[in-house]
Amino acid sequence: ARRYGQHSWQYPQGGIDDGETPEQAMYRELNEEVGLQPEDVEIIAVTKHWLRYKLPKRLIRRDSNPVCIGQKQKWFVFRFTGTASDINIATKHPEFSVWAWKPKAEVIASIVPFKRAVYERVLEEVSDHLS
């Protein structure tokens, strides 16, 4: 989906709240960002390791507590079992303005440069699960 007010695209993502497992956080974020329920997806792969990226210095929010300098991520790959009408980016706190299904090569080209290496690693790791 394209980030609200930006030209960059990304997959839904987010932090893990205290007491949550990565899988619980993933379902919560998926609902908060694109309106999907657990029954709308089937997990088909999870990255073996945590993947990291650092923010460019100009994007580091020094006024946040704690200061965010990047992210460490666990990635989940789904088979979408819902319908397009189940996807709702007009959420309570919208993060995206547009969504679309995109081929892998187009996804990589649409991602902000500082996240591309992570996306490439994820897509390479889970390529056996993608059609």
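From the N terminus on, the elements of the chain follow the order β-α-β-β-β-β-β-α-α. The model is a predicted one, and its secondary structure amounts to three helices and six strands. Among the elements are strand β1 at residues 2-3, helix α1 at residues 22-34, strands β2 (41-46) and β3 (51-54), strand β4 (70-73) and helix α3 at residues 113-125.

The radius of gyration of the chain is 15 Å, which agrees with the value near 14 Å that a compact globule of 131 residues would have. The C-alpha trace spans about 40 × 35 × 35 Å along its principal axes. Of the contacts with a separation of 6 or more, 64% are accounted for by residues 24 or more positions apart. Buried residues make up 30% of the 131 residues. The exposed area of the chain is about 8,700 Å², and 52% of this area is supplied by carbon and sulfur atoms. The chain carries 19 positive and 18 negative charges, and the mean positions of the two sets are 10 Å apart.

In the N-terminal part of the chain, S8 is found in the loop between β1 and α1. S8 has a relative accessible area of 10% and is therefore buried, the limit being under 20%. When neighbours within four places in sequence are left aside, the contacts of S8 are A1, R2, R3, S110 and V112. The side chain of S8 also forms a polar contact of 3.0 Å with the side chain of Q6. The C-alpha atoms of S8 and R58 are 16 Å apart in space, with the two positions 50 residues apart in sequence numbering.

Helix α1 contains R28. The side chains of R28 and E20 are joined by a polar contact of 2.7 Å. E20 also appears among the residues in contact with R28 once neighbours within four places in sequence are set aside, together with G15, I16 and D17. For R28 and G15, which are 13 residues apart in sequence, the C-alpha to C-alpha distance is 9.8 Å.

G35 lies in the loop that runs between α1 and β2. Not counting residues up to four places away in sequence, G35 touches L30, D86, N88 and T91. A further pairing in this region is that of G35 with I87, where a separation of 52 residues in sequence corresponds to 5.7 Å in space, C-alpha to C-alpha.

T47 is placed in the loop between β2 and β3. The relative accessibility of T47 is 2%, so this residue counts as buried. A polar atom of the T47 side chain lies 3.2 Å from the backbone oxygen of H49. Beyond its neighbours within four places in sequence, T47 is in contact with K74, W75, V122 and E125. Of these partners, V122 and E125 fall within the residue range of helix α3, 113-125.

The loop between β3 and β4 includes P66. The peptide bond that joins N65 and P66 is cis, with omega at about 5°.

Toward the C-terminal part of the chain, E120 is found in helix α3. E120 counts as partly exposed because its relative accessibility is 43%, whereas T47 is buried at 2%. The C-alpha atoms of E120 and W9 are separated by 14 Å, and the two residues are 111 residues apart along the chain.

Conventions
Residues numbered from 1 in each chain as written. Predicted model: local features only at pLDDT ≥ 70, side-chain atom pairs only at ≥ 80, totals over all residues. Heavy atoms only, no water. Helix = DSSP H or I, 4+ residues; strand = E, 2+ residues; numbered from the N terminus. Rg over C-alpha atoms; globule rule 2.2 N^0.38 Å. Buried < 20%, exposed > 50% of the residue type's maximum accessible area, 1.4 Å probe, protein only. Contact = heavy atoms within 4.5 Å. Areas by Shrake-Rupley, 256 points an atom, 1.4 Å probe, with all protein chains shown as cover. Lys, Arg positive; Asp, Glu negative; His and termini not counted. Charge placed at Lys NZ, Arg CZ, Asp CG, Glu CD. Polar contact = N/O pair within 3.5 Å; in protein donor to acceptor, adjacent residues only side chain to side chain.
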